[in-house]
Amino acid sequence: MRQLLRERVLVMHHAPLELSFLKQAWQNETLPAFSASWLDTLAIERTKANRSQQPIQDGGFRLGACRERYGLPEYQGHDALTDALATAELLLAQIAYQGRDCRLQDLKQLGGGRVSSRRAKGN
């Protein structure tokens, strides 16, 4: 698994929630320490809204609402594979919105980071 995450960027919508699940699963399986970079499409949207000083209504940062702002099709949510596809499409739309000069570093500044997980005690 560590090799799979190496030099990859995880893409998620609402990173704090997703990262907590990932860390918990990693600890439950007592796997070796890992680290990975991530992008959060929700955080990117929040940063974009703050910069443009455009208020977003309650629920406006949900995956479907974010996708709607980019003219992306509506999906039936709360299915892991469908949500992953919907999030990936949203990221592509966000990149297109940023323009041709958009780099990974730019996206990380808008809504990204790095996560590390230590080995569980006793290992």
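Contact here means heavy atoms within 4.5 Å. Keep that in mind as you click around.

This is a predicted model, where local features need pLDDT of at least 70, side-chain atom pairs count only at pLDDT 80 or more, and totals for chains, interfaces and linings use all residues. Residues are numbered from 1 along each chain as its sequence is written, and side-chain values use heavy atoms, with hydrogens and water left out.

**Stop 1: the whole chain.** Show the C-alpha trace, which spans about 50 × 30 × 25 Å along its principal axes. Switch to cartoon and you should find 6 helices and 3 strands; helices (H or I, at least four residues) and strands (E, at least two) are DSSP runs, numbered from the N terminus. Following the chain from that end, the order is α-β-α-β-α-α-α-α-β. Among contacts between residues at least 6 apart in sequence, 69% join residues at least 24 apart. Of the 123 residues, 32% count as buried; buried means under 20% relative accessible area, exposed over 50%, and partly exposed in between (1.4 Å probe, protein chains only).

**Stop 2: H3 against H5.** Select residues 41–52 for helix H3 and 80–98 for helix H5. Their axes are 10 Å apart and meet at an angle of about 35°. Axes are lines fitted to C-alpha atoms, for helices over the stretch in contact, and angles run from 0 to 180 degrees between N-to-C directions. Now show side chains: Thr41, Ile44, Glu45 and Lys48 of H3 meet Thr87, Leu90, Leu91, Gln94 and Tyr97 of H5. That set divides into 4 nonpolar, 3 polar and 2 charged residues. For that sorting, Ala, Val, Leu, Ile, Met, Phe, Trp, Tyr, Cys and Pro count as nonpolar, Asp, Glu, Lys and Arg as charged, and the others, Gly among them, as polar.

**Stop 3: the cysteines.** How many disulfides does a search of the whole structure find? It finds 0, a disulfide being a pair of cysteine sulfur atoms within 2.5 Å. Select Cys66, which is in no disulfide. The sulfur of Cys102 is 16 Å from the closest cysteine sulfur, in Cys66, so the two are too far apart for a bond. Are they buried or exposed? Cys66 counts as buried because its relative accessibility is 0%, and Cys102, at 19%, counts as buried too.

**Stop 4: Gly64.** Finish in helix H4, residues 63–69, where Gly64 lies. Gly64 is partly exposed, because its relative accessibility is 48%. Add Gly77 to the selection: the C-alpha atoms of Gly64 and Gly77 are separated by 7.9 Å, although these residues are 13 apart along the chain.
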